[in-house]
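Colleague: I'd like a close look at one part of this model before I head back to the bench. Could you take me through it, and then show me how it sits in the rest?

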Amino acid sequence: MSVFSAHRKPPRVGDNPVFRRGLIGIVLVLVAFVIVAPLVIIGVEAFSKGWAVYRDTITHPDTQHAIMLTVLAALIAVPVNTAFGIAAAWAITKFDFWGRRFLLVVIEIPFSVSPIVAGVAYLFVYGLQGLFGPLLEAYDIKILFAVPGIIIASMFVTAPFVARELIPLMQAQGRDLEEAATSLGASGFRTFFAVTLPNVKWALLYGVILCNARVMGEFGAVSVVSGNIRGQTNTLPLHIELLYHDYQAAGAFASASILALIAVFTIIAKVALERQGAGRVRKQANTAEKAS
Amino acid sequence: MRRRNVLPGLPLSLGVTLFYVGLIVVLPLAALVIKAASLGPADYWQIVSSSRAVASYRVTVLSALGATIFNLFFGLALAWVITRYRFPGRRIVDAVVDLPFALPTAVAGIALTALFANNGWFGSVLEGFGIKVAYTPLGIMIAMCFTSLPFIVRTVQPVLEDLDPALEEAAQSLGGSDWAIFRRVILPLLAPALLAGVSLSFARCLGEFGAIIFIAGNQPMSTEITALLIFIRLEEYDYQAAAAIASVLLLAAFFMLAVTNWLQARALRYTVKG
């Protein structure tokens, strides 16, 4: 063996320079076409009629109302789903009980169910033809085709997001630290806030940000239960559809640019949070692996 | 040996979880199933096997298959390039893979339509080759590709990262060519994760709505997906038909969920070392 080989790692499969460059090239071109181009065209189309049209769309009362409603939905759905995610992750990772794996599957159902199916399902609970419809009508409570319907449909679609970020991490971290804290006399809430939370905060924050992006962008389920009443029950994604079908493409893209910005922010936050959490998580995962 | 669990909070956390899952997830789906079941077998069958419904299943399933096969190759290549090569912009590529998850489907829908319409950036070029994308089944496929791409990349990536280089070295020292090693050593190790990603991606394609309806053309019998047919039945106040067709989509989702869980359990069996 030459001295050279001590400094250089042996070539791995696929390290042939021609193949390597070719594959990187193909992938970069496809990423540009499939993922980046849609993002770019939103910006281009949003300003295609100039800055004035963009500003007018954003400041139009209907758009403003749609933005307010979208923010309201997120302000309610995200904290509720966060609380649920923490409770679910605590129950599933810190305890063994009968049906634990099944519960895990049930929590993930909203990921596989079409948002349209979710919307229809809510019609049959709270709609006039639904289980609670007659009761709700008797007390004159409006859930469907009103703001509460939009919020609960968003909750369904994004229910698993926080739980899914927390569960694998809390599973890898085990129960030793919490058990130590409890045996030293800490209460359950103190154990969670002082011991568990610091270890999972970055994953939790990412779950919250992703959940927020999905609540704000939910379209299918919300379009079934909202009734699409302009200036009343239109969220931002529904407002985009309305403008688009109204032949106001520039306005639709202007409204879409707000949601696209939120998406870009979500991605940047993910990268930043991963960097914050990566060292810690990897260390813990390694310790967990050695311990088992 | 099983230790007694000393941690507090099981009644509270499990209670909250079961209550919320029951109210938000199980109750509505049960209501849908009850509504569909109230139809009676003959009526139910007539609705779900009507020619328009069957045509919508066909276009949905075929487009989802096409999109998933494309994403199988593209997703694997993408995960491979991100984990095995170092090149400028690698971190950016790794980050933008999540964009389809973060971008609202309606936004993706109008953006893809603008790109692939016959006066759009890609549409006008493809038109020169006689390929129409917007308002054809091909458009449905492209919308599905976009929204489901991250599933395959993100399930394969961790397995590729953890692949033991010693296995490749052993195969190389035995004189295997790169292609032979990939096919006979690496691919079998990736297969469980790859399949799990494929089934997640396929399930997502079956239910996709927002990204598709803008680009699809939505012609009954040819470019009308099942999710849209449900929506149309609702707009016609035909709630029973909507319930019946929605139950078919729900059944498909449950089937894919079972397949995914089975595949993931298998994948874990291979990746978790004792």
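Which residues in α7(A) are buried?

Modeller: Keep in mind that this is a predicted model. In α7(A), the buried residues are Pro115(A), Ile116(A), Val117(A), Ala118(A), Gly119(A), Val120(A), Ala121(A), Tyr122(A), Leu123(A), Phe124(A), Val125(A) and Tyr126(A). That makes twelve of its twelve residues, so the helix is mostly covered, where a residue counts as buried if 20 or more other C-beta atoms lie within 10 Å of its own.

The helix length checks out too. Helix α7 of chain A covers residues 115-126, and at 1.5 Å a residue its twelve residues should span 16 Å; the end C-alpha atoms are 17 Å apart, which agrees.

Now look at Val120(A), one of the buried residues of α7(A). In the largest nonpolar core, which has 173 residues, Val120(A) is among the five that touch the most other members, along with Leu166(A), Val107(B), Ile110(B) and Ile245(B). Domain 1 (1-46) and domain 2 (50-291) of chain A both give residues to this core, so the core lies between them.

For another member of that group of five, take Leu166(A). Leaving out residues up to four places away in sequence, Leu166(A) touches Gly85(A), Ile86(A), Ala89(A), Val200(A), Ala203(A), Leu204(A) and Gly207(A).

Let's step back to the two domains of chain A, domain 1 (1-46) and domain 2 (50-291). Their C-alpha centres lie 33 Å apart. The contact between them takes five residues from domain 1 of chain A and eight residues from domain 2 of chain A. On the domain 1 side, that comes to three nonpolar, one polar and one charged residues.

Next, the chain-to-chain contact: 77 residues of chain A are in contact with 76 residues of chain B. On the chain A side, helix α2 (residues 17-46) gives the largest share, with 16 residues. By class, the chain A side that touches chain B divides into 56 nonpolar, twelve polar and nine charged residues.

UniProt has something to add here, from an unreviewed entry. For "transmembrane region", that entry lists residues 21-47, 67-90, 102-123, 143-163, 203-229 and 249-273 of chain A. Two of those spans are handy to compare with the model. Residues 21-47 of chain A are 96% helix and 0% strand, with end C-alpha atoms 36 Å apart. Residues 102-123 of chain A are 86% helix and 0% strand, and there the end C-alpha atoms lie 26 Å apart.

Towards the far end of the chain A numbering, you can pick out Arg275(A) in helix α15 (residues 249-291). With 10 other C-beta atoms within 10 Å, Arg275(A) is exposed. If you want a feel for distances, Arg275(A) and Asp56(A) are 219 residues apart in sequence and 39 Å apart in space, C-alpha to C-alpha.

As for the partner, the secondary structure of chain B comes to 13 helices and zero strands. Along its principal axes, the C-alpha trace of chain B spans about 70 × 65 × 30 Å. Chain B has 274 residues, and 47% of them count as buried. Taking contacts in chain B between residues at least 6 apart in sequence, 78% join residues at least 24 apart. UniProt, again in an unreviewed entry, lists residues 57-260 of chain B for "domain: ABC transmembrane type-1". In the model, that span is 79% helix and 0% strand, and its end C-alpha atoms lie 21 Å apart.

Two loop residues in chain B deserve a look at their backbone angles. Tyr135(B) has a phi near 65°, a positive value in a residue other than glycine. You'll find Tyr135(B) in the loop between α7 (121-128) and α8 (137-161) of chain B. With 20 C-beta neighbours inside 10 Å, Tyr135(B) counts as buried. Met221(B) also has a positive phi, near 75°, and is likewise a residue other than glycine. Met221(B) is found in the loop between α11 (210-215) and α12 (226-235) of chain B. Unlike the buried Tyr135(B), Met221(B) is exposed, with 12 other C-beta atoms within 10 Å.

So, back to your helix: α7(A) has twelve of its twelve residues buried, and its Val120(A) is among the residues touching the most other members of the largest nonpolar core.

How values were computed
Residues numbered from 1 in each chain as written. Chains lettered and ligands numbered in written order. Predicted model: local features only at pLDDT ≥ 70, side-chain atom pairs only at ≥ 80, totals over all residues. Contact = placed C-beta atoms within 7 Å. Helix = DSSP H or I, 4+ residues; strand = E, 2+ residues; numbered from the N terminus. Nonpolar A, V, L, I, M, F, W, Y, C, P; charged D, E, K, R; others polar. Domains from an automatic or database assignment. Core = buried A, V, L, I, M, F, W, Y, C linked by C-beta atoms within 7 Å. Expected span 1.5 Å × (residues − 1). UniProt positions renumbered as here; feature names shortened; annotations may be inferred.
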